[in-house]
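Here is a set of exercises to work through with the model open beside you. Try each task before reading its solution.

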Amino acid sequence: SKREIKMRKLDSTKVRPLKSEQILHIEDHDFALRPGFGGSPIPVGIDVQVESIDSISEVDMDFTMTLYLRHYWKDERLSFRSNKNKSMTFDGRLIKKIWVPDVFFVHSKRSFIHDTTVENIMLRVYPDGNVLFSLRITVSAMCFMDFSRFPLDTQNCSLELESYAYNEDDLMLYWKHGNKSLSTDEHISLSQFFIEEFSASSGLAFYSSTGWYNRLFINFALRRHIFFFLLQSYFPAMLMVMLSWVSFWIDRRAVPARVSLGITTVLTMSTIMTGVSASMPQVSYIKAVDVYLWTSFLFVFLSVIEYAAVNYLTTIEERKQLKKRGKASGMYSIDAVQAMAFDGCFRDTDVDMSPAAFSDRCEENETRARTASDSNVDTARIKRKRSLKGNVGRIILQNNHVIDTYSRIIFPSVYIVFNFFYWGLYI
């Protein structure tokens, strides 16, 4: 009756299909199943355009990338008649009603589809059933980095794509245009890295409970900018080492000046090392920058130890000289010294000071000197056979200022050799 027809029109629980759904015959098929269910695996081509690499984090060992991810497959259930053979384009509202590949990012930490002002999803269907499905995605994924050569390192990262539910028996992922399937924006740049290479590759992944899956790789190599670290770490470390050498030209008796200079350079090197390690992950191996900074710290520390040695030897030498002066003043009287100045012979003040006694005593001394000279010949041979360490130690003790002279040459020479070896090894 007319009343029943009117009631059906007013029933809000029944929604008439859209015109596009009628053209694609969506209600006539079960899109919960993949195309060609029960037959050969459906091939799904992938095409990626990288819009930007937003950030690289050494601390978290990950990277963030924004890209356009495009899928290509054929679903004959979506074929339609078209006199002009034109495709139809839809937004994200139709995605929930048809079958689409369930591609996900392996080792992804977080990702999202951009939704401003609407979801950045595009679906294009051709009359023969070919489908293009495009997404604009930002994804953060893990990148296993090796910092043994940091900051002179090159990092290789990859973004991996794989089907979550369909193994190789149901779905075959492949690069749509081979190596040309991966394209990048010409204006991509990073503050700390040069992008050396972008490449696409494929492989298989095995899971013990579900089997083998096709996996696609977006590989890229990043080489770090060195100039930033030269300004922030290497140049300050070089200047601190050179500043520590200034103490070699300061008088060894200027204790406050040399000690304060040494302590200042040591503390500054500690600050530089702390700042570098704070921005790095706590890895268990030695990095290239650690080798340089610790070696520079060792040079600064040794310059402080060098002055400690000079000051110690100077103190010992001064004490010995004071002891010698004290013994001389107590052993000889003024009269004896004056008498020795006239005839060259030593005598005590108690000895007879007559001229005859002078001559007799001098003859006795000459006789004793001759006998002593014979015995000294034998003792000289024994002394020559003594260890060189005692002689060297005596020379250093008596000429402790020579340590500063040698340090002015040895410290810069060794540091220059170290720099040549370091930069030649890591660059």
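A polar contact is a pair of N or O atoms within 3.5 Å; within protein, one of the two must be able to donate a hydrogen and the other to accept it, and residues adjacent in sequence count only if both atoms are side-chain atoms. Keep in mind that this is a predicted model.

**Exercise 1. Find the backbone oxygens that lie by the side chain of arginine 34, and decide whether arginine 34 is buried or exposed.**

Solution.
- Start by placing the residue: arginine 34 sits in the loop between α2 (19-24) and β1 (42-57).
- Next, look for oxygens around its side chain. The backbone oxygen of serine 40 is 3.3 Å from a polar side-chain atom of arginine 34, and the backbone oxygen of glycine 36 is 3.1 Å from such an atom. Both distances fall within the 3.5 Å cut-off.
- Then check accessibility. The relative accessible area of arginine 34 is 3%, and buried means under 20%, so arginine 34 is buried.
- Finally, list its neighbours. Leaving aside residues up to four places away in sequence, arginine 34 touches several residues, among them Arg77, Trp99, Tyr166 and Asp170.

**Exercise 2. Two of those neighbours, tryptophan 99 and tyrosine 166, form an aromatic pair. What is its geometry, and which parts of the chain does it tie together?**

Solution.
- A search of the whole structure gives 26 aromatic pairs.
- In the pair of tryptophan 99 and tyrosine 166, the ring centres are 5.9 Å apart and the planes make an angle of 70 degrees. Planes over 60 degrees apart count as edge-to-face, and that is the class of this pair.
- Tryptophan 99 belongs to the loop between β3 (88-90) and β4 (103-106), and tyrosine 166 to the loop between β8 and β9 (171-175), so the pair ties together parts 67 residues apart in sequence.
- Both rings are buried: tryptophan 99 has 4% relative accessibility, and tyrosine 166 has 19%.
- For a further look at rings, find the cluster that ring pairs build, whose members include Tyr234, Trp245, Phe299, Phe411 and Trp423.

**Exercise 3. Locate the disulfide and work out its handedness.**

Solution.
- The whole structure holds 1 disulfide. Cysteine 143 and cysteine 157 are its partners, with an S to S distance of 1.9 Å.
- The torsion about their S-S bond is about -80 degrees, so the disulfide is left-handed.
- Cysteine 143 is in the loop between β7 (130-142) and β8 (154-163), while cysteine 157 is in strand β8, so the bond ties together parts 14 residues apart in sequence.
- Both cysteines count as buried, cysteine 143 at 2% relative accessibility and cysteine 157 at 3%.

**Exercise 4. Examine three salt bridges: which elements do they link, and are the partners buried or partly exposed?**

Solution.
- Side chains of opposite charge can pair when their charged atoms come close. The search of the whole structure finds 15 salt bridges.
- Take arginine 70 and aspartate 47, which meet at 4.0 Å, N to O. This pair links strand β2 (residues 62-74), home of arginine 70, with strand β1, home of aspartate 47, across 23 residues. Both partners are buried.
- Move on to arginine 223 and glutamate 196, whose closest N and O atoms are 2.6 Å apart. Arginine 223 is in strand β12 (residues 211-224) and glutamate 196 in strand β11 (residues 193-207), so the bridge ties together parts 27 residues apart in sequence. Here arginine 223 is partly exposed at 36%, and glutamate 196 is partly exposed at 44%.
- End with aspartate 404 and arginine 258, at 2.9 Å between the closest N and O atoms. Aspartate 404 lies in helix α9 (residues 401-426) and arginine 258 in helix α4 (residues 255-278), 146 residues apart. Aspartate 404 is buried at 4%, and arginine 258 is buried at 2%.

**Exercise 5. Compare the UniProt annotation with the model: what secondary structure fills residues 226-247 and 259-279?**

Solution.
- The unreviewed UniProt entry places "transmembrane region" at residues 226-247, 259-279, 291-310 and 409-426.
- In the model, residues 226-247 are 82% helix and 0% strand, with end C-alpha atoms 31 Å apart.
- Residues 259-279 are 95% helix and 0% strand, and their end C-alpha atoms also lie 31 Å apart.

Terms used:
Residues are numbered from 1 along each chain as its sequence is written. This is a predicted model: local features need pLDDT of at least 70, side-chain atom pairs count only at pLDDT 80 or more; totals for chains, interfaces and linings use all residues. Side-chain values use heavy atoms; hydrogens and water are left out. UniProt positions are given in the numbering used here, feature names are shortened, and annotations may be inferred rather than shown by experiment. Helices (H or I, at least four residues) and strands (E, at least two) are DSSP runs, numbered from the N terminus. A disulfide is a pair of cysteine sulfur atoms within 2.5 Å. Buried means under 20% relative accessible area, exposed over 50%, partly exposed in between (1.4 Å probe, protein chains only). Rings of Phe, Tyr and Trp (its six-membered ring) pair if their centres lie within 6.5 Å; planes under 30 degrees apart count as stacked, over 60 as edge-to-face and the rest as tilted. Contact means heavy atoms within 4.5 Å. A salt bridge is a side-chain nitrogen of Lys or Arg within 4 Å of a carboxyl oxygen of Asp or Glu.
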